[in-house]
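Grab a pencil and open the model in your viewer. We'll work through a few short exercises on charged side chains.

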Amino acid sequence: MVTVFLRLPAAGSLKDKRGVTRRLITRLRRELNVSVAEVGGLDSWQHCVLGVAVAAGSETGARKVAQQVEKIVLREHRVELLDIVVEITASQPA
């Protein structure tokens with residue numbers, strides 16, 4: 001799981017915020033084939049928390065996808081990346 005904490009300094013309304021976050025979510029889904037949802041800051045005009053679910057065959061693969069998430073977010077000039085938290089959960093072999 002990748003949790004992305006964002007600030008949208010130019011957003012003057014929830015409508016402004018939703019437009020930016022919707023485009024970012026679509027880009028992440030399309031480019032990385034991950035599941036993404038806004039999981040925090042839902043009522044705040046200028047803050048947003050995105051949860052990105054990553055499924056990979058290895059920890060290394062998951063970390064590479066997390067790095068790609070960060071790169072895509074940093075390319076979006078309308079958001080400021082405040083923090084990114086990567087949590088790796090490995091399944092136990094049967």
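Below are three exercises, each with a worked solution. This is a predicted model, where local features need pLDDT of at least 70, side-chain atom pairs count only at pLDDT 80 or more, and totals for chains, interfaces and linings use all residues. Residues are numbered from 1 along each chain as its sequence is written, and side-chain values use heavy atoms, with hydrogens and water left out.

**Exercise 1.** Find how many salt bridges a search of the whole structure gives.

Solution. Start with the criterion: a side-chain nitrogen of Lys or Arg within 4 Å of a carboxyl oxygen of Asp or Glu. Run that over the whole structure and you get 8 salt bridges.

**Exercise 2.** Work out which parts of the chain the R18–E38 salt bridge links.

Solution. First, check the contact: R18 and E38 meet at 3.3 Å, N to O. Next, place the partners: R18 sits in helix α1 (residues 14–32) and E38 in strand β2 (residues 35–40), so the pair links distant parts of the chain, 20 residues apart. Helices (H or I, at least four residues) and strands (E, at least two) are DSSP runs, numbered from the N terminus. Last, look at accessibility, where buried means under 20% relative accessible area, exposed over 50%, and partly exposed in between (1.4 Å probe, protein chains only). R18 is partly exposed at 26%, while E38 is buried at 19%.

**Exercise 3.** Decide whether E76, the salt-bridge partner of R78, is buried or exposed.

Solution. Begin with the pair: the R78 and E76 side chains come to 2.6 Å, N to O. R78 is partly exposed, at 30%. E76 has 3% relative accessibility, so E76 counts as buried.
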